[in-house]
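Let's walk through this structure together, beginning with the ligand and its surroundings and then turning to a few details of the backbone.

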Amino acid sequence: MTTSPSARIGIIGTGAVFPAYARGLAALPGLTVVRVADLDEERSRTAAAEWGIPAWGSAADLLADPGVDVVVNITTPAAHAALTDAALEAGKHVYVEKPLAVTTRDARRNIATAERTGRVLGGAPDTFLGSAAQTARAAVDAGLIGRPFAATSFVRSSRAQTWHPDPTFLFKPGGGPVLDWGPYHIAALVNLLGPITRVVGATANAELEIPVTAPDRRVERIDVEVATHATSILQFTSGVLATAVYSFDIWDTDLPHIEVYGTEGTLQIPDPNHFDAPVRLKRRTADEWTQLPPVLPLSRPDTGDAGIYRGLGVQDLVGHLAGDAHRASAGLALHVLDVLERLQDATLADGVADIMSSTQRPAPVRGVVPLAG
Ligand SMILES: NC(=O)c1ccc[n+]([C@@H]2O[C@H](COP(=O)([O-])OP(=O)(O)OC[C@H]3O[C@@H](n4cnc5c(N)ncnc54)[C@H](O)[C@@H]3O)[C@@H](O)[C@H]2O)c1
């Protein structure tokens with residue numbers, strides 16, 4: 001029997017996404033959350049008590065703790081880069097929520113710090129490690145849709161103002177549909193189709209002030225400082241062209257999350273913010289859509305709550321420390337951010353932008369059962 005690599009985890013940021021990490025990490029073998037921290041130390045104390053985590057306090061305390069091997073940085077985007085650098089300098093390996101940083105400049109500095117300190121840096125999203133994305137990848141690799149030539153990628157409002165206690169950061173630099181949701185979509189597309197080489201786009205805002213209606217809200221209104229509707233064309237190095245619409249302004253749509261079009265058929269991919277959901281295929285000669293068998297066990301067959309846990313990316317980083325490939329790597333997260341940074345402020349007058357970074361398609365997850373062609 002093989003044992004899972006182990007690591008002692010310290011989480012910085014005990015806000016809205018924290019329970020998804022606490023729940024997700026608790027279910028992964030070998031990973032133990034030993035300490036939590038937050039600017040609001042009382043919030044970290046409450047989180048520690050609720051989840052049975054032995055230590056809590058400030059980020060500085062956490063970074064000084066020799067009992068923490070890996071820091072999971074799930075603070076708000078604007079805080080990511082400085083904390084990541086501090087954690088790497090303190091000798092910790094770091095996994096960061098998306099986006100890796102608010103700017104590629106900061107993200108590149110983080111990667112340089114990781115290289116200099118000899119620590120490993122990984123970043124969200126990790127949803128492409130789940131059964132849905134891995135099944136879609138296996139379908140493309142088996143040639144089930146022939147040669148992919150096009151894709152679509154659509155994001156509608158996550159309605160955060162109706163459920164997040166303080167979604168201010170989602171409407172400030174580092175947020176917006178491009179940097180908040182775009183990472184799931186671009187990482188999923190790069191996992192399927194490889195790196196992106198050129199983009200062109202334009203952005204808009206339907207509203208410049210957002211009323212917050214979440215029952216436990218800490219703010220009433222938010223001034224919007226980022227584009228909340230972005231439309232773009234992405235050209236992959238392979239030649240594939242994708243059409244992307246990332247919007248907080250569209251409340252409802254029947255558009256699919258992601259589709260990939262090939263010479264022999266179409267692949268329909270579920271919400272890339274989730275790990276497990278059916279992937280559908282329609283071959284050009286078929287009359288009906290078929291549901292592909294998952295190539296991996298479902299990530300959480302017991303709960304059915306596909307989207308409300310996190311942790312596979314942390315497990316991926318710890319596996320890499322033990323010699324496995326690094327899939328949710330900083331290199332992938334930087335490429336994703338590079339693409340999204342271009343889209344965030346794109347205007348038609350800018351024309352086409354070349355993407356200077358590149359990356360490899362991440363290795364398939366261990367244990368994937370290939371699909372027959
Ligand atoms: N909320 C979600 O459903 C969700 C889902 C997936 C990913 N994410 C990502 O997770 C991250 C956090 O999102 P959230 O919704 O939990 O935000 P949040 O505002 O609810 O929580 C962030 C927490 O980080 C703390 N913090 C900020 N700066 C800090 C610093 N310098 N030191 C210590 N603590 C600090 C804040 O006090 C707060 O408690 C973001 O990167 C977001 O993109 C959120």
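## Around the ligand

Helix 4 (residues 77-89) gives the shell around the ligand its largest share, four residues; helices here are DSSP runs (H or I, at least four residues) and strands likewise (E, at least two), numbered from the N terminus. Before going on, please note that this is a predicted model, in which local features need pLDDT of at least 70 and side-chain atom pairs pLDDT 80 or more, while totals for chains, interfaces and linings use all residues. Residues are numbered from 1 along each chain as its sequence is written, and side-chain values use heavy atoms, with hydrogens and water left out.

In total, 23 residues surround the ligand (a heavy atom within 4 Å of it). The closest are Ala-16, Val-17, Asp-38, Arg-43 and His-164. By type, the shell divides into 11 nonpolar, six polar and six charged residues; Ala, Val, Leu, Ile, Met, Phe, Trp, Tyr, Cys and Pro count as nonpolar, Asp, Glu, Lys and Arg as charged, and the others, Gly among them, as polar. Domain 1 (7-123) and domain 2 (128-296 + 327-354) each supply at least three residues of this shell, with bounds from an automatic or database domain assignment.

## Polar contacts and burial

Which atoms of Ala-16 and Val-17 face oxygen atoms of the ligand? For Ala-16, a backbone N or O atom lies 2.9 Å from a ligand oxygen, and for Val-17 a backbone N or O atom also lies 2.9 Å from a ligand oxygen. His-80 uses an N or O atom of its side chain, 3.1 Å from an oxygen atom of the ligand. Taken alone, the ligand exposes 830 Å², and the protein buries 85% of that (Shrake-Rupley method, 1.4 Å probe).

## Backbone details

Where are the cis peptide bonds described here? One runs from Lys-98 to Pro-99, with omega near -10°, and Pro-99 is in the loop between strand 5 (93-96) and helix 5 (104-117). Another joins Ala-124 to Pro-125, with omega near 0°; Pro-125 lies in the loop between strand 6 (121-123) and helix 6 (131-141).

Arg-159, a residue other than glycine, has a positive phi near 55°. Its place is the loop between strand 7 (148-155) and helix 7 (176-180).

Notes: A polar contact is a pair of N or O atoms within 3.5 Å; within protein, one must be able to donate a hydrogen and the other to accept it, and residues adjacent in sequence count only if both atoms are side-chain atoms.
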